[in-house]
Amino acid sequence: MKQPEIPTHAISLAASVMSLGARLLLGGMFCFAAFKKLGDPQQFAFAIKGFKIIPVETAEPLIVVLAFVTPWTEMIAGLALIVGLWTRSAALVIATLLLAFIGALIHVIADPNIQASCSCFGDISLVCGDEVGWCQVVRNVVLLGLIAVPLLLGGGKFSIDGLVTAAKESIHGPALGLGQGADQFDSDD
Amino acid sequence: MITRALAIVAVAGVLASAHMVLRDAPIRLTRQAAQPADPGQATDPATTDPADTNPADTPPGDTSPVDTDPPVTDPATDPYASFASNPLFDEPVRDGHITMREGYRLFEEGATFLDARHDYEYEAGHIAGAIWMEASRLSDGSGIPDAYAIDASMPVVIYCVGGDCDSSENTAVLLEALELGFEIYILGKGYDDWVSVGLPVEGEG
C-alpha cells in the first residue's frame, strides 16, 4: 500500500518554524547575557579570573581582552541568529561558545579548591544558581541541542537568509537539489 | 560557513576594541598598592610570629599556601585563649592574608569589616557590624558612597566564604582603585570559620 506523501513545502514550513523558535530563544538569551556582561565588564573579568583557567599573574591582559570580546561575540552572533542573517555561521559561533563554556564549567567542578561564580547572565541567575555546578553544564548541553536546529536547518523561510534565497530564486529559478530554497544563502560559503 | 563565523568574531573584536578604548575606568584584576604590614606586630607581639602572615613580604597574586606550623600561644597570657582552643583560630593562611586571630584583634580595635559575599549570604548572617561590599557594588558604582563613608583612619578587613574565594581580593582591588587611603587586610578564613570559632556575628541566620 502506498504511503501518503508529505508535501515538501510542508516540511520546509515546519523546519522554518522550528528554526525560528530556536533562533529567537537562543539569540534572545545570548543577547541578554551579552547585555548584562557588557554593562559591567569588570565583574565579568573577575568571573573569568575566578575560573582559574588563565593565570592572572602572567596573562592578565588576555583576561581583560576576553572580558570584552566574549560578550560582544555573544551579542553579534545572537543578533544574527534572531534576524536570520548568516544563520548557520552564527549558530556555529554560539555552539563553539557553548562548548567552551561547558569545558570551563567542568574545569571548575573538577577542582574542589575553586569557588567560582558563573556570571553567565551577569548578576542574574537563570534556571541555575550563581555558583558553578552541574546545573549550568546541563543547561548548556540543552542549549547546545537547541542550537543544532538552526545549525543543521539554516534560517528557514522566516529569516533574512530565506528572503535573500527566495529573491535569488525568483530571478534565477529554484536551485537544483535544494528543494524549497529557504536556507541556501548561508550555505554559500 | 566558517569564513562567516570568523567574520562575526572579527566584528565582535572590533567592537570590543572600541569598547575598551572608550571605557573610562581600566579593568583591574590584581592589587597594585603596597600591602600593609602585619597588624599583629604593634599590638600583640606575644601571640603570633609575624613571618607567618606578613602581607608585605608577598608578591601580588602569590597564592601559595603557608607551609609553617600554627604559632605557639601561651594560654596563661593569651587574651584569646577561649577561642584559641579551636585550631581554626590560629590556623595559618595563605600569604598576603591574615589569620583569624589577627582578624579578631582588628575587630576588637574597631576595624571596619567588609563582607564580600553575595547579598543573600550577608543577609543570612555576617560578622557583627560588617558592611556588605561585594565587588559588584564597587564596579557598578552603587557601593561607592558606602566606601567613602568608611572611617579611613581605621583598618579595613575584608572577608568572604574563605578558602580560595576571590571575592575579598576583588573587593580589595576595587577599593584600592578608589585611593581612599585604607589599610586593607584580607581575612584568610571565611565567615563559616568565624562562626565555628564562636566570634561575634549578627543577621537573620
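A residue is buried if 20 or more other C-beta atoms lie within 10 Å of its own, exposed if 12 or fewer, and partly exposed in between, with C-beta atoms placed from the backbone. Helices (H or I, at least four residues) and strands (E, at least two) are DSSP runs, numbered from the N terminus.

The model is predicted: local features need pLDDT of at least 70 and side-chain atom pairs count only at pLDDT 80 or more, while totals for chains, interfaces and linings use all residues. Residues are numbered from 1 along each chain as its sequence is written, and chains are lettered from A and ligands numbered from 1 in the order in which they are written.

**Exercise 1. Determine which residues of helix H2 (residues 41-50) of chain A are buried, and place the helix in its chain.**

Step 1. Chain A holds six helices and zero strands, and its elements run α-α-α-α-α-α from the N terminus on.

Step 2. Of its 189 residues, 47% count as buried.

Step 3. In H2(A), the buried residues are Pro41(A), Gln42(A), Gln43(A), Phe44(A), Ala45(A), Phe46(A), Ala47(A), Ile48(A), Lys49(A) and Gly50(A). Ten of the ten residues are thus buried, so H2(A) is largely enclosed by the rest of the structure.

Step 4. After H2(A) comes Lys52(A), which has a positive phi, near 55°.

**Exercise 2. Describe the environment of Lys36(A): is it buried or partly exposed?**

Step 1. Lys36(A) lies in helix H1 (residues 8-39) of chain A.

Step 2. Because 19 other C-beta atoms lie within 10 Å, Lys36(A) is partly exposed.

Step 3. Two residues are in contact if their C-beta atoms, placed from the backbone, lie within 7 Å. Not counting residues up to four places away in sequence, Lys36(A) touches Phe121(A), Gly122(A), Asp123(A) and Ile124(A).

Step 4. Between Lys36(A) and Ile147(A), 111 residues apart along the chain, the C-alpha separation is 21 Å.

Step 5. For chain A as a whole, 71% of the contacts with a separation of 6 or more are between residues 24 or more positions apart.

**Exercise 3. Characterise the packing of helix H4 (residues 87-110) on helix H5 (residues 134-153), both of chain A.**

Step 1. The two axes come within 9 Å and cross at roughly 165°. Axes are lines fitted to C-alpha atoms, for helices over the stretch in contact, and angles run from 0 to 180 degrees between N-to-C directions.

Step 2. Angles under 35 degrees count as roughly parallel, over 145 as roughly antiparallel, 65 to 115 as roughly perpendicular and the rest as oblique. H4(A) and H5(A) are therefore roughly antiparallel to each other.

Step 3. The crossing of H4(A) with H5(A) is left-handed. A crossing is left-handed if the near helix is turned anticlockwise from the far one by less than a right angle, and right-handed if clockwise.

Step 4. Residues making the contact include Leu98(A), Phe101(A) and Ile102(A) of H4(A) and Val141(A), Leu144(A) and Ile147(A) of H5(A).

Step 5. By class, the contact of H4(A) with H5(A) has 18 nonpolar, three polar and one charged residue. Here Ala, Val, Leu, Ile, Met, Phe, Trp, Tyr, Cys and Pro count as nonpolar, Asp, Glu, Lys and Arg as charged, and the others, Gly among them, as polar.

**Exercise 4. Analyse the contact between the two chains, beginning with the number of residues from each.**

Step 1. Chain B contributes 28 residues and chain A 34 residues.

Step 2. On the side of chain B that touches chain A, H1(B) gives the most, with twelve residues. That side comprises 14 nonpolar, ten polar and four charged residues.

Step 3. Helix H3 (residues 56-83) of chain A packs against helix H1 (residues 2-22) of chain B at an angle of about 130°, with axes 8 Å apart; H3(A) and H1(B) are therefore oblique to each other. Their crossing is right-handed.

Step 4. Among the residues in this contact are Trp72(A) and Ile76(A) of H3(A) and Ala12(B) and Leu15(B) of H1(B).

**Exercise 5. Establish the strand order of the open sheet in chain B and the surroundings of strand S1 (residues 112-115).**

Step 1. Two strands pair if DSSP finds at least two bridges between them. The open sheet has four strands in the order S3-S1-S4-S5 (chain B), with parallel pairing.

Step 2. S1(B) pairs with strand S4 (residues 156-159) of chain B over four bridges, and Leu114(B) has Ile158(B) as its bridge partner in S4(B).

Step 3. Two bridges join S1(B) to strand S3 (residues 131-132) of chain B, where Leu114(B) stands opposite Ile131(B).

Step 4. Both faces of S1(B) are covered: Thr112(B) and Leu114(B) on one side, and Phe113(B) and Asp115(B) on the other, are all buried.
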